[in-house]
Amino acid sequence: MMEKTFDLVIIGAGPAGMAAAVEAAGHKLSVLVLDEQPEAGGQIYRSVNTTERLRPETYALLGDDYQNGKKLQLSFHQTSVTYLSGTVVWLVESDRTVHFLRNGSTNQVTASRLLVATGAQERPVPIPGWTLPGVMGAAAADVLMKSSGVIPSGKIVLAGNGPLLWLTASRLAEAKAEILAVLETINYSNYLRALPCLPQALLANEFLLKGLRMKSVVRKAGIEVLSGVTNLHAEGEEHLQKLHYTHQGKPRIIDVDTLLLHEGVVPNIQLSSQLGCEHDWYELQYYWHPVLDEWGNTSIDGVAVAGDVGIVAGAPVAEASGHLAGLDTAYRLDRISKKQRDDAAKFFRKKIKHNNAIRPFLERLYSPNPEILTPKEDSTLICRCEEITAGQIRKSVELGALDLNGAKAYTRCGMGQCQGRMCGLAAAGIVADTLGKSPREVGFYRGRPPVKPVTLAQLAKDENETIVS
Amino acid sequence: MLKRYGKSRGKTVSIWFEGQPIQAHEGESVAAALLTSGVKYLRHAQVSAKPRAPYCWMGVCYECLLEIDGEQNQQSCLIAVKDGMRIFRQSSAAENT
Ligand SMILES: Cc1cc2nc3c(=O)[nH]c(=O)nc-3n(C[C@H](O)[C@H](O)[C@H](O)COP(=O)(O)OP(=O)(O)OC[C@H]3O[C@@H](n4cnc5c(N)ncnc54)[C@H](O)[C@@H]3O)c2cc1C
Ligand code: FES
């Protein structure tokens, strides 16, 4: 069996992972970076090199925010770092042995220190009918533009809330896609709640301006924008055909081919929870995240976290937090002194502070829609893999389930291929609501290996393969 | 229902879906290439056998699972097309019973 040791193994080559690798390699650490995508970049800079090379129109459409990723990607590739693309990490042990799947066979390495930089995923939006072909995530549509240069055809509606909803809407509007409407699930009370945080947000006013620019692109394209939309319901036989919703107390129906849903993004905590790191519930944005010190270290010795997997704060903060984790690794492995670490960290801490100024405002304005946090209709599918409904989850509580893992045992909700990534938060919301508790009290799925499916044949192929970069 | 954006694309490659040839372009994911060619769904739900299509496009939802070149359960949103690739839908548990 192949056995190889690195000073630092980083899982995820997004802005956080790439920045940490650049920092650590700069201090002469041996670094291995593993990422399941074909190209380094993470979600924001997905396929930036391929897009520039093969799809110039899409590259132009995606603009500066995307193209800027080239710089980080370039400095990442100029380091001595060993980088394996198309590599899925499916198990990490607390002694920092990392098991991964690549080209159909499994392999493993050990790390003196481990950095989990697995980013965020779009929060699933379980409305009635969300499993119909034609319904997908709005950030998913954005990823599709980046990874394949493909956009929805036919009539499109975007529904939900958050900066990435507007980003996708504005990019699709610029691509002249046929958008019928943007239906926001927030209302004036969100604005009231966010208002006290506006002065602080103005310290990072470039983000507010960006937001206003995206909205003006959508409005200039003549697209209808409604706020305070409720009761979203997708309808169709084999494919999405109609969207039902309520606006200002009136039910409405429109014919639509593609529905793009978005209610923010949430940390991708499969690996940190499988490792047994301590997690906490973030009430404002309604998600679990690992508990970290100021360098990103978790409760497990030698395991740190950087980027959106720690707390969702966007690419610039992810990148800066990657540098902090890289610096701390260099210090702990005796490459730099405490003072060198602390001095170098100042620049990145300043950057984080500046970028985070907008967060209290955004997080209050764009709080996730309560209708999808605890879906009310019993027939709504929550677990897409095992096809478990909200009603079945409620029933499991009546039968005696005391927490989320109890409901999982009763219903199989969360036991499918996605390992609870799609159902976890909504199922927890339903269990908590039925028990009259808070989601914090009902817990989250225990992250069990493999966090991504691995077949016996793949395990059998674990060979004395050597790693090539 | 998806379409390609922009005229310049990578070079053309041929893939086979359920025995039918489909034209795609270098640098596209298998799932994207299929859905732009008029394929409406990629898998059947486990229990109800209802049609499903990609939801997350980033490796989270497993709605894009296909058999690719003889390997089952491939996340086709993460895999780039290659000339001559042979792709099939998988049967759901519901269909097997
Ligand atoms: C779908 C989506 C689209 C987004 N688009 C934008 C955008 O256009 N603009 C913007 O400002 N922000 C966007 N964001 C927000 C984004 O999360 C941050 O801006 C930024 O990408 C976070 O950087 P990161 O390095 O923390 O994580 P990410 O960029 O998410 O990188 C994490 C990496 O880890 C890899 N990974 C995860 N799990 C595993 C595993 N088990 N094995 C191997 N590799 C793994 C992933 O493939 C990914 O490349 C998007 C978020 C999502 C979820
Ligand atoms: S579309 Fe979700 S995993 Fe491929």
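Helices and strands are here DSSP runs, with helices (H or I) of at least four residues and strands (E) of at least two, numbered from the N terminus. With that in hand, the surroundings of ligand 1 can be followed element by element in this predicted model.

Six elements of chain A each supply at least two residues of the shell around ligand 1. The helices among them are α1 (15–26), α5 (138–148), α6 (163–174) and α11 (315–332), and the strands are β4 (87–92) and β7 (120–122). The largest share, 4 residues, comes from α5(A). In terms of domains, at least three shell residues are drawn from each of domain 1 (3–121 + 266–336) and domain 2 (124–263 + 361–365) of chain A. Chain A is joined by chain B: residues from both chains surround ligand 1, so the site is shared between chains.

Altogether, 36 residues surround ligand 1, and the closest are A16(A), D35(A), Q43(A), K146(A) and D308(A). By residue class, the shell divides into 17 nonpolar, 12 polar and 7 charged residues.

Turning to individual polar contacts, D308(A) offers a side-chain N or O atom at 2.5 Å from an oxygen atom of ligand 1. Backbone atoms take part as well: a nitrogen atom of ligand 1 lies 3.1 Å from a backbone N or O atom of E36(A), and a polar backbone atom of I44(A) is 3.5 Å from an oxygen atom of the ligand. On its own, ligand 1 has 970 Å² of accessible area, and the protein covers 93% of this.

Key:
Residues are numbered from 1 along each chain as its sequence is written. Chains are lettered from A and ligands numbered from 1 in the order in which they are written. This is a predicted model: local features need pLDDT of at least 70, side-chain atom pairs count only at pLDDT 80 or more; totals for chains, interfaces and linings use all residues. Side-chain values use heavy atoms; hydrogens and water are left out. A residue is near a molecule or strand if one of its heavy atoms lies within 4 Å of it. A polar contact is a pair of N or O atoms within 3.5 Å; within protein, one must be able to donate a hydrogen and the other to accept it, and residues adjacent in sequence count only if both atoms are side-chain atoms. Accessible areas come from the Shrake-Rupley method with a 1.4 Å probe; for residues, only the protein chains shown count as cover. Ala, Val, Leu, Ile, Met, Phe, Trp, Tyr, Cys and Pro count as nonpolar, Asp, Glu, Lys and Arg as charged, and the others, Gly among them, as polar. Domain bounds come from an automatic or database domain assignment.
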